[in-house]
Amino acid sequence: MTLAVEMRAASKHFLPGRHLFRRGAVVRAVDRVSFALPPGRVLGVAGESGSGKSTLANLLVGLETPSHGDITIAGHRMTRRPDAALRRGVQMVFQDPFGSIDPRFTIGRTVEEPLLIHRLGDAAERRRRAEEALEQAELRPAAAFRDLYPHELSGGQRQRVAIARAIVLRPKLLVADEPVSMLDVSVRAGILRLLRRLVDEGAMAMVFITHDLSIVGSLCDELAVMYRGRFVEVGPALDVLRRPLHPYTRALVAAVPVPDPAVTPAELPAKLLAGGAPTASGCRFAPRCSLAIAACETTDPELSEILPAHRAACLRAGETAGARP
Amino acid sequence: MGRFTLQSRIDCGDRTTSVALLEIRELSIRYRTAGAGVQAIDGVSLELEAGGSLGLVGESGCGKSTLALATLRLLPPQAELAGTIRFAGQDVGGMKERQLRQIRWRRAAYVPQSAQNALVPVHSLRAQFRATAAAHRMRATEADRRAAALMRRVELDPALLERFPHELSGGMRQRAIIAMALLFEPELLVADEPTTGLDVIVQRQTVNLLRDLRAERNLALLFISHDIGVVAELCERIAVLYAGRVMETGATADVLGSPSHPYTIGLRRSFPDIRDPERPAVSIAGHPPRLAEALAACPFAPRCPFAQPVCVAVQPPLVAIAEGHAAACHFAGDAAAMRSAANRPGLWDGARAA
Ligand SMILES: Nc1ncnc2c1ncn2[C@@H]1O[C@H](COP(=O)(O)OP(=O)(O)O)[C@@H](O)[C@H]1O
Ligand code: SF4
Ligand SMILES: [Mg+2]
C-alpha cells in the first residue's frame, strides 16, 4: 500500500531576523523529522507553543518548503511549487473556526470553494459534492445548512463546516492544527469522533496537532512529542501516554489537570519552569531537565527504540523505562 | 422519576459562623440589544466567604463573564440589573463612584478574560504598575517597591518591569497581570478564564501560583473557567451555570464526585481524563440558548437525555440534595441512576450536531 505521507529527515530553518526574539542564531523550527503514515492512521503531534508544530503543518501542506530532507504525499514528492493534484492531496483544518471561514459566504458556497479553485465539476456536481461533504461532517440534512451563514452556527458547527471544506477534495492527508482547542469542552469529543470516522472511512491519514495530551488517547494511533523542532518521543499513542519515556513527555503528562478534586496536583520541578537555552552540541532539553547528567551537555541524543515500537531521544530513557512515570 | 418540589431557592455555602465577603441575592441581568435583548443572568444567588474559593463553570455564553463583571459593577451600560450584590456587607449596586473606587482594585481585583491582551502594548510594565497605583493615589516610589516584590512573588525577574508586554511570553504576561492585581493586597480576586489558551506546563504553573497566593494571603477567589479540571484543583466550591442560572452548586468534591444535575453529569463526562486515556469523552449535542426572556421551564431540557414532559412545563428550583449541595433538576433525587445511565453510548448525541 502506498503511504499517505512520508517525511524523511525534513528540516525547516529560519534565518535570523525572521523571529523577533531569537536574533542571531538560525532557528531550527523543524529539525530532522521523519515519520510515515499509511491511509487510515492518525499521528498526534504534541508539544508547547513554539515547539515547531505549526511549521511542521506548513511543511506538510506545502506552505513552507523544507530546508533539508523531503516529504512525499501518496508517493509524490513535494516540490517548491506542488502541482494542483499534489495540493489537493493535503488539506488542513485550522484552530479558529471563526477566523478560518469567510463570514460573507453561505455554508454551501464555503464548502464548494475548493472545488471552484481547482475547477472541478460543473455547478450541479459541485453542489452535490458539497452536500455530500456536509452530510459526512454530520451537518444533516445538508440542505438545511447549505443556505445558512457562519454567524448562524455554533463554534462546533463551524468547525464541522471547515472539516467538510477540507474533505470535499478527498485528500490523502488531513492536517488538523489544534482543531478543538477553541471549542467548548462539551462539544470536543464529537468533533474528534468525526475526524476519526472520516479517517477510517475515507482511506485518508491524519496528522493531528495538539498541546493537550488528554485528547490524544482516544483518537491517535501514534503519538510524537515535539520539543524545539525535534521529535523527542514517538510510539503507539497509548504506550506514550501510559509510559512516557522522555522527561519532557512526563512533564507534559503530569501537567494536565485531572477533573478529580481528590487528586493532588503535580508540582513541576523549578528547573523545568526556569528554562534556558541549550548548548549547541548537547540535548536540547538538558537546561530544563531534572535528570540531566554531564553527558547531556555534550551529546545530542537521537531517537532510539527503548521499548517495542516506542522510541525516545534521551540518554537516560533506557534507565528510566522501568520506572513509573 | 416524577418527584419534584416547589421549595424556593436555597442558599448554598451559607456559613453561619462567618459573614460572606461576597453575597449575591436573586441577581438577574439583561442586556438591551437592537433585537429582543438577552437575559444573561436569571435569579442567581451565591456567596463567597473571606478566604474562600468559588469556581464558576459552564459553556461559553452561559453568563459566567457577565456574573463576574457584575460583582465589581463593571458591566457595560446596556446591562440592566435586578437583585443585590454585597461586598463585605455593603450594597455594591447602591454605591457612589467614589465608594466603588475604594473597593475596586483595592479590596477586590479583577483579571479579565484574555487578560494577556489587557495590558497596554505601548507602555512598559513599570509604567502600567505606576498608572494603576496613581489611579488609586499610591505614590510612584511605593508602587515601584511593591511592583518589584510582587514580580518576584510571581516568579518573574523585576528587571522585566522595564519591558513591554510583547516582549514577554503569554505565561509571563499572565503572571504580570496577576502581580498587578495584587498591588493593593485585595481580599478578593475575580479571575475570568485566566488559564485558557496557555500551554499545559504554563497553565500548571499559573494554577499552582494562584493556589499558593490564596493560601498565603487569605485571598478569596472567584474563578471562572470552562475547564473543570483546573477548577477542581483551585476551588473549594463550585457553581455550574447554564443559560444564566445555577444548575448545581456545592463543595467541589461533591459536585464533581457525585454530579446530580444532568448538565453537570454531561460536562464531567465530556472532560477527558489523562489517567484513562482510552476512554472516549462524551459530547453534549446542541449548544446553550440565547434567551430573550427568562424561561418558565428547564433551560437544559432541549439537550437533556433525561428530560420528561414536566421539564418543559415547570421550572425546576434549586433544591438541596445533601448538606451544602443543591441541584436545579426535577429528578436530582434520582441522580445516582442518571449517573450510571450517563455512560450509555449515544446517550448524549441528541438530535442535532453541535
Ligand atoms: N454587551 C453585551 N450585549 C449583549 N449581549 C451580551 C453582551 N455581553 C454578553 N452578552 C450575552 O449574554 C450571554 C452571557 O454571556 P457571557 O456572560 O459572556 O457568558 P460566558 O462568560 O459564560 O461565556 C450570552 O448570550 C452573550 O451573548
Ligand atoms: S430537562 Fe428535566 S431532567 Fe433534564 S435537567 Fe432539566 S429538569 Fe432535569
Ligand atoms: Mg466568558
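What follows is a chat between a biologist and a modeller about a predicted model.

Biologist: Before we start, what are the ground rules for this predicted model?

Modeller: Local features need pLDDT of at least 70, side-chain atom pairs count only at pLDDT 80 or more, and totals for chains, interfaces and linings use all residues. Residues are numbered from 1 along each chain as its sequence is written, chains are lettered from A and ligands numbered from 1 in the order in which they are written, and side-chain values use heavy atoms, with hydrogens and water left out.

Biologist: OK, ligand 1 then: which residues are the closest?

Modeller: A residue belongs to the shell if one of its heavy atoms lies within 4 Å of the ligand. By that rule 15 residues surround ligand 1. The closest are B:Gly61, B:Lys64, B:Ser65, B:Thr66 and B:Arg290.

Biologist: How much of the accessible area of ligand 1 does the protein cover?

Modeller: Start with the backbone: an N or O atom of B:Gly61 sits 2.6 Å from an oxygen of ligand 1, and for B:Ser65 the distance is 2.7 Å. Ligand 1 on its own has 570 Å² of accessible area (Shrake-Rupley method, 1.4 Å probe). The protein covers 74% of that.

Biologist: Which element gives the most to the shell around ligand 1?

Modeller: Helices (H or I, at least four residues) and strands (E, at least two) are DSSP runs, numbered from the N terminus. In chain B, strand E2 (38–49) and helix H1 (64–71) each supply at least two shell residues. The top contributor, with three residues, is H1(B).

Biologist: How many residues of H1(B) are buried?

Modeller: Buried means under 20% relative accessible area, exposed over 50%, and partly exposed in between, with a 1.4 Å probe and protein chains only. B:Lys64, B:Thr66 and B:Leu67 are among the buried ones. The helix is largely enclosed by the rest of the structure, because the buried count is seven of the eight.

Biologist: On to ligand 2: how many charged residues are in its shell?

Modeller: Its surroundings include B:His261, B:Cys298, B:Phe306 and B:Cys311. Ala, Val, Leu, Ile, Met, Phe, Trp, Tyr, Cys and Pro count as nonpolar, Asp, Glu, Lys and Arg as charged, and the others, Gly among them, as polar. That gives ten nonpolar and two polar residues, and the charged count is zero: no charged residues.

Biologist: How many disulfides does the structure hold?

Modeller: A disulfide here is a pair of cysteine sulfur atoms within 2.5 Å. Cysteines such as A:Cys220, at 6% relative accessible area, and B:Cys311, at 7%, are buried. Over all chains, the number of disulfides is zero.

Biologist: Chain A now: is A:His118 buried or exposed?

Modeller: A:His118 sits in the loop between helix H3 (107–117) and helix H4 (123–136) of chain A. Beyond its neighbours within four places in sequence, A:His118 is in contact (heavy atoms within 4.5 Å) with A:Ala84, A:Arg87, A:Arg88 and A:Leu169. With a relative accessible area of 16%, A:His118 is buried.

Biologist: What distance in space separates A:Gln91 and A:Val175?

Modeller: A:Gln91 is in strand E6 (residues 90–93) of chain A and is buried at 15% relative accessible area. A:Val175 is one of its contacts outside the neighbours within four places in sequence. The two are 84 residues apart in sequence, yet C-alpha to C-alpha the distance is 6.2 Å.

Biologist: And what relative accessibility does A:Ile209 have?

Modeller: A:Ile209 belongs to strand E8 (residues 205–210) of chain A. Its contacts, leaving aside neighbours within four places in sequence, include A:Val45, A:Lys53 and A:Val175. A:Ile209 counts as buried, because its relative accessibility is 0%.

Conventions. A polar contact is a pair of N or O atoms within 3.5 Å; within protein, one must be able to donate a hydrogen and the other to accept it, and residues adjacent in sequence count only if both atoms are side-chain atoms.
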